[in-house]
Amino acid sequence: MQLKPNRDLKRVLAAASASLLALNSAQAQDAWEVDAEILYYQEQDDRVQDVSFKSLAKGTIRDDDQLTLSLQYDTLTGASPTGAATQNATQTFTSASGGGNVVVPANELPLDDAFRDNRTALSGHYQHTLANGARFSNGLTFSKEYDYLHLGVNTAYAFDFNNNNRTLSVGLSLGNDTVESVGGNPVPNTFVSSDGGTKFTTNEESKTVFDFLIGFTQIINRRSLVQFNYSATVFEGYLNDPYKFISVLDDDGSLAAAGGGQGGLYRYENRPDSRTGHNFYVEYKYRFDRSIANLAYRFHTDDWGINSHTVESRYRWLIDAKQWLEPNIRIYSQSAADFYTPFVFDSNLPSQSSSDYRLNEFNGVTVGLSYKRKLSKNNAIGFSVESYRTTGADASIASPTGDIVTAKSTDLTASIFRLNYSFKF
Amino acid sequence: MMDRYNSIVIRGFFVCLITAGLAGCSGLGVKPWDRDLLADPMMQIGSDGLRIAVDEHIYFSKEATSGGRGFGGGGCGCN
């Protein structure tokens, strides 16, 4: 039986494509790609500064198996908001980071300038390709700070179907984090000593983090594809920030006095000991003749009452075969946690509260520009500049006696610079 | 009001997902010889692995929500 000519042509082309893929696969044997980056992150007013090095190495080990190793080292310095509210009088408190007494002038945001940390993070990930083309991968993660240790394992399975036009992936991850803060972890809801007196502490605290993810990728046509992900994260255990505390106010809105005339009264935060969150994520990519557009959206909701929306877009202009320029924008918006409050009243202390500005309602905008250039067949260099700015909502809260007390939001402006180099061998 | 909005967002997400799935039956996708543009590593989802990992770390430490692209929780006592 003679096949129709166009069917013959399809067979020949399919065979040619398969040969090319096999050739590429053979060339990829024992090949390693390494990306390395130096990052400088600086917040306004000498707040947090991070100088970070990160590298990612990806190697083809045998057949189509892949090993990915990553290393990150951060050096963090600067000042971090304590959680205490700005007051129109001088404030004095003991640094929760072990830096002695801190004096904050009137109308200034209370910062703890003893903040200093180094963080080392390592991860390894092995992906095995099965005979049917499905990928099965397993990974380990580790990170260590002076007062924090993270250990994690993860596993994932992905397979293609519909002539490799669709991919379904499923993943699980389990992590255990322990925190042993400077001077001990404060007992939640205890008062902060303003004169170096007794700090009620607990020993090492820990939390477990469980993640589940399911993703679906669809090739739409020759130029575009789309991915949908759903993920759930469950946190259990110690979810407080041991360095954050809350201003305790009298009903007239002034800072309550600590016993014995020792300055103002502050109380350590107390968050719920579990949190379940859901993420819905979609990402779309389109290839134009001389550029690539990328658009992503994420919706998050959780049982702390936080909902967030994130839209991110990147447009990569392929200047020529050797270089590209990429502007990017990211817009973020979140609602406040149910237990967020900028301060508490001495006459009506809540059992759960946190004044961490990251749990407040705020919007964030990032704009940036990246450039990358191939230096040779196996070497490329790139840099990027970004600005990240958040603006929160000022809060007006009625005291138990009906007085309205306002608190200004804690905003953030950060500049991010990166220099990266990638090579193959 | 916010709950209603969130429920619309979640429903919209699944409607998109199902629509994309059903539409796939009627011709989404390409033949192997039409993968010239998609074969470019830059067209893979998550192709900038290093940048994405660093971005996620920054936003994890400054915002209350994380993840979506991949696993989202833990791993840092970030201030």
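# A tour from the core to the chain contacts

Start by selecting Phe245(A), Ile246(A), Val248(A), Tyr266(A) and Phe343(A), which, among the 19 residues of the largest nonpolar core, are the ones that touch the most other members. The model on your screen is a predicted one. Now colour β5 (101–104), β14 (245–249), β15 (266–268) and β20 (343–345) of chain A, each of which supplies at least two residues of this core. The strand that gives the most to this core is β14(A), with four residues.

Keep Val248(A) selected and show what surrounds it: leaving out residues up to four places away in sequence, Val248(A) touches Ala256(A), Leu265(A), Tyr266(A), Arg267(A), Val344(A) and Asp346(A). Apart from the largest core lies another one, of eleven residues, and you can find it by selecting some of its members, including Ile220(A), Phe280(A), Val282(A) and, from the other chain, Leu28(B).

Next, show the whole of chain A, which has one helix and 25 strands. Of its 425 residues, buried ones make up 35%. If you consider the contacts in chain A with a separation of 6 or more, 59% of them are between residues 24 or more positions apart.

For one such pair, select Lys322(A), in the loop between β18 (307–320) and β19 (323–334) of chain A, and then Arg373(A), which is 51 residues away along the chain although the two C-alpha atoms are separated by 5.6 Å. Setting aside neighbours within four places in sequence, Lys322(A) is in contact with Arg373(A) and Lys374(A). Is Lys322(A) buried or exposed? Lys322(A) counts as exposed because 12 other C-beta atoms lie within 10 Å, and a residue with 12 or fewer falls in that class.

Now bring chain B into view, where 41 residues are in contact with 77 residues of chain A. On the side of chain B that touches chain A, the elements giving two or more residues are α1 (2–25) and α2 (49–62) of chain B, and the largest share, nine residues, comes from α1(B). If you colour this side of chain B by residue type, you will find 23 nonpolar, 14 polar and four charged residues.

Select α2(B) by itself and compare its two ends: at 1.5 Å a residue, its 14 residues should span 20 Å, and the end C-alpha atoms are indeed 20 Å apart, so the two values agree. Within this helix, pick out the buried residues, which are Leu50(B), Arg51(B), Ala53(B), Val54(B), His57(B) and Lys62(B). Where do they sit around the axis of α2(B)? They cover an arc of only 165 degrees, and therefore lie on the same side of the helix. As background, an α-helix has 3.6 residues a turn, so residues three or four places apart point the same way. To see what covers the buried residues of α2(B), add strands of chain A, including β1 (32–43), β2 (49–60), β3 (66–81) and β25 (412–424).

Finish at Met43(B), which is placed in the loop between α1 and α2 of chain B. Because it has 19 C-beta neighbours inside 10 Å, Met43(B) counts as partly exposed. Its contacts, apart from neighbours within four places in sequence, are with Lys285(A), Arg287(A) and Ile292(A) in one chain and with Leu37(B) and Leu38(B) in the other. As a last step, select Ser61(B), which is 18 residues from Met43(B) in sequence and, from C-alpha to C-alpha, 29 Å from it in space.

Technical notes: Residues numbered from 1 in each chain as written. Chains lettered and ligands numbered in written order. Predicted model: local features only at pLDDT ≥ 70, side-chain atom pairs only at ≥ 80, totals over all residues. Contact = placed C-beta atoms within 7 Å. Nonpolar A, V, L, I, M, F, W, Y, C, P; charged D, E, K, R; others polar. Buried ≥ 20, exposed ≤ 12 C-beta atoms within 10 Å, placed from the backbone. Expected span 1.5 Å × (residues − 1). Arc of directions from axis to C-beta. Core = buried A, V, L, I, M, F, W, Y, C linked by C-beta atoms within 7 Å.
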